[in-house]
Amino acid sequence: MNGSVIDTEKLTFYYEGNDKASLNEVDIHIRRGVKTVILGANGAGKSTLFYHLNGVYRPSSGKVMFEGEPISYRRKALRSLRSRVSVVLQNPDDQIFGQTVESDVAYGPMNLRLPEEEVKERVETALRTVGLTDLRDRNTFKLSYGQRKRLALAGALAMKPEVLVMDEPTAGLDPQMALELMELAEQLHHSGTTVVISTHDVDLAYAWADEIHVLRYGRLIFSGTSEEFYRDPVQVYMTGVVQPSMFLINKSLCDMRGIEEAPYPRTESQLVSKMASGEKGRFLIMPVADRMDSYMLDAAVDEVGGSIKVGLYGSRSRSLLYESGLPVDYVFDGFESCMADCLMGKDVLLLCDESCLDLIGSKLDRLRDFGTDVRAKVMDPSKN
Amino acid sequence: MARSEKAKPREKASGTSEHVQMDALAYSSRMLHWPPLGKLLLVIAVLIVNIMTESVITSLVVMALGLILMAYSTNMRIPFILGIFIAEAILILVIACGIISINGDTSQPCIWSADFLWMDFYMTADSFNEAWLVMIRAIAGITMMMAFATSTPIPHLAQALRQIRIPDEICEIIVLIYRYAFLLLERLDTMWSAASSRLGFTGFKHTMRTTASIAVGIFTSSMNLADKAQVSLECRGYRGYFPIWNRPKKTGIGWVAIAVVTFALLYILGIYTGGVIDFAGLAFGV
Amino acid sequence: MDFKYILEARDVTYSYEKKEGSPKSLSEVSLGIRPGIRTVILGANGAGKSTLFYHFNGVFRPKSGEVLYRGIPLCYDKEVLYQLREDISVVVQNPDEQIFSSTVEEDVAFGPMNQNLHPSIVEGRIADSLFKVGMEDYRYRPTTQLSFGQKKRVAIAGALAMEPKVLILDEPTAGLDPQMSQEVMEMVDRLCLGGTTVVISTHDVDLAYAWADEIHVLRHGRLIFSGVPEDFFSDKESVALSGLALPHTFSVNRSLEGIRGLPEAPYPRTNSQLLAKLSPPEARFGRIMIRGIGDGTPVPEDDGLTRGIYGFRTRRMFRDNGCRADIYFNAVEGCCLSAMQGRDTVLFCDEELVDVIAGRIRSVSEFGRIPEVVL
């Protein structure tokens, strides 16, 4: 059980001149290192809640606690709090303040009054994480929507937050951009940041969350695992959302076949593993450090002795791919796409960031619960 | 499983700034359905008489009228922020009137005088009375205008203006500005919070920089909005003028009568009560 | 007049900048929209979807190529364009950009007033279109006090009030929460059944797949595909290059059938179709009863069965009488699923739609066993 990092106690908030509470006695516990989703329809109070977590709004009554200590609203304390809890808004244009990509990412650290060296290093790291290094001198007006969205995220990451709060991270993004952003969120989670996402996209929330908190008209009506919540259709209806497709398909199929609903599949590969089994292909994993070369693919082809589908995972590998120009089949959503092929009996190779190896391992472990034991092999990326 | 559609609560609209509050107040006003032009005529008549009169009594009556109307219009629920505005206005008036009162005509008998640095303060009975009159007039004017503002949303005002033959274009621009002000204010709110989240207001230099960036952001977004609105207008069959569906009902002759009668009554009151209250006498026994 | 396409673009090229050789937002796009066919224009952000829309109602004029309405090339004369825009209504993505008036009623009246219609007709149009979007109670409300979902519905009502022949919606579900999206899509569906040709632009592949009869895919201003969705999604490389992804039902179907060694076709597009295809023979289904609601139909008694509602009139009747319903949104699909899970289910719908809906449910049998439909 992870300890909580942010708690609220009977948090109530009224907007000035509004006699209806925007948040009403909310007791929320956000646990460290747990993938958290705050779910609710438009106007349920998600954004209002976010601004309390980093002290921009001050509760009308009740309190907010960071690491067990009530937040102090003194200027110095707030500064340290906001560097530890970062908020990424839905519309990136609302939080881009710099003229160029680089200056915008530096905006936060500069405001923290860090030494120049430190600022530079943070900007570098943040840009690399979101894959905008090449565009560092670009004017922010000339970026595409997806790039601006990643820039906003980089700006938040440059604060090196312990808790990263993202408001509707995939809203308005193309499917591929959305997948890329969620992959980033997954990586950040893996590197130890507590990532909190607010959304009304139930499919996204279901695939991602370990724990969900559901808000309805300013009240917290549920905290726990997704399945517990979606099992009650009345609650789901009243909240203004619908059941996620994965949940629905699994439930219906299990009902029809008379089998247990648990374990609950949350991704396509998990669902497929649960519902059908056949000859599986080989699943090769190649960690990529700082270059990507064609001999890597050749090695994999030699290993399986035939044709192979290649997928990609991680932002670092993705930016390396554009330099190397290797023929990769699945640039986005690499893990799921490769797994889909693997389950159908094809051999696949997943190129991933070195830091993502554990993450891939845990995904493979998770699949075992659904009856799929993939013959995975981690290949050596060095040229022999 | 049982539930009915009625059980589902309504969505709420968001909004925080004073502009939004003022608007909400006007739309919930009990005087909302009074014809806007009628209200406007009444207020203008009263304001004119308020300036013309030399009598404090008239101004006091106007003030009382304004307060009663405002209380009725807002159902006695004046938002805190509006209260502060009014209080602030009154404070400024008090100071201004203080200055009037100590700049009396030195040829007249003095009731109080002082030297401070290079300034000579000289207060006469006339200057003292004059200051009171100006202050009460001004406060009366404010309450009257507030009564109008808290009961008349801007679009209604535009309708009233249209009735007195102000060109349609101007009225439409007023309405459009009014509509877009909400969008820009909402954005301002969001950007402000986002900047605080990124520590944009730590120290003077950063605050200046942030404010400038926000201003640029609002400016570009208003340009964008204008661009897109132009296209959307065309999509909706815009032919170069704004048609009005809900033409306001003709303001009845009754409203004109009310305005004229009120004007006349107050004016006559002013003639007969000029100088009835002598503030200097009350305060200094002169 | 004989025409195959109600709207057609022929070699349309457009660029926002005037200079020669500047990047093109649309290059040589040729596509036709057939009347009554549910059409989706699919593409990533910046692929040129909105630019294409504005060509259809004559707001933008192609740099080269031509746009045809009912087989006749557009004439860019002012008066003719006004006529055109009465027939072709575009609803933009962000309702705030499209609402110009201060009250709901005034805004909905904007279009019909521009058409110089008689006040009694305008009145009818306002009432009718607000009813269709379920906003009749908000008629006199100021537009600034509406929520995002309500504004969206007012924007759609504003377009409906012009009674267009073709309704073009740009990202109709963007930013809406799931129930609101389903509500909007049901509205759209209902309009299609009423004979309006509806074109939707989106990058939501699940939505496009479930709804469209025909899709046109744009990539960097070029048309790369026109046809049925399955053909496009089968080509993984094209999908990837267009910045899109595979719809859930499509990829789940492909994986499961691939493993079982069965053909992918017929392609299920909705969950109920997918489940019909995957259902084992021993599964016990409930029945679906379809009840028409007309103007004189008495309020249905509560019989304890699972109930879904569909259609403007049914929705209103249930709301006005406070009737119980379990499935408010996407009810045709929802009732199907409910019956497949073994529950007897009643679907209430507007009288004139009974046959259409029964047909729609029965057509699922193409994929496998379906629940029994009782009228």
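Two residues count as in contact here if their C-beta atoms, placed from the backbone, lie within 7 Å. With that in hand, chain B of this predicted model can be described by how its contacts are spread along the sequence: among those between residues at least 6 apart, 76% join residues at least 24 apart. In chain C, residues 24 or more positions apart account for 68% of the contacts with a separation of 6 or more.

Here are the two chains side by side.

| Chain | Helices and strands | Buried residues |
|---|---|---|
| B | 10 helices and two strands | 32% of 286 residues |
| C | 14 helices and 14 strands | 55% of 375 residues |

**Chain B and its helix α8**

Reading along the sequence of chain B gives the pattern α-α-α-α-β-β-α-α-α-α-α-α. One helix deserves a stop on our tour: α8(B), covering residues 204-235. How far apart are the end C-alpha atoms of this helix? They are 46 Å apart, and this agrees with expectation because 32 residues at 1.5 Å a residue should span 46 Å.

Within α8(B), the buried residues are B:Thr210, B:Gly217, B:Ser232 and B:Cys235. Their cover comes from both chains: it includes α7 (168-197) of chain B, along with α2 (78-87) and β6 (88-91) of chain C. After the helix comes B:Gly237, which has a positive phi, near 75°.

**Chain C as a whole**

Turning to chain C, its C-alpha atoms fill a box of roughly 65 × 55 × 40 Å along the principal axes. Does the radius of gyration agree or disagree with that of a compact globule? It agrees, because a compact globule of 375 residues would have a radius of gyration near 21 Å, and chain C has 22 Å.

**Two domains in contact**

Chain C is divided into domain 1 (7-241) and domain 2 (287-374). The C-alpha centres of these two domains lie 29 Å apart. Their contact takes nine residues from domain 1 of chain C and eight residues from domain 2 of chain C.

Which elements give two or more residues to the side of domain 1 that touches domain 2? They are α4 (119-132) and α6 (178-193) of chain C. Of these, α6(C) gives the most, with six residues. By character, the residues on this side of domain 1 of chain C divide into two nonpolar, three polar and four charged.

Note on methods. Residues numbered from 1 in each chain as written. Chains lettered and ligands numbered in written order. Predicted model: local features only at pLDDT ≥ 70, side-chain atom pairs only at ≥ 80, totals over all residues. Helix = DSSP H or I, 4+ residues; strand = E, 2+ residues; numbered from the N terminus. Rg over C-alpha atoms; globule rule 2.2 N^0.38 Å. Buried ≥ 20, exposed ≤ 12 C-beta atoms within 10 Å, placed from the backbone. Expected span 1.5 Å × (residues − 1). Domains from an automatic or database assignment. Nonpolar A, V, L, I, M, F, W, Y, C, P; charged D, E, K, R; others polar.
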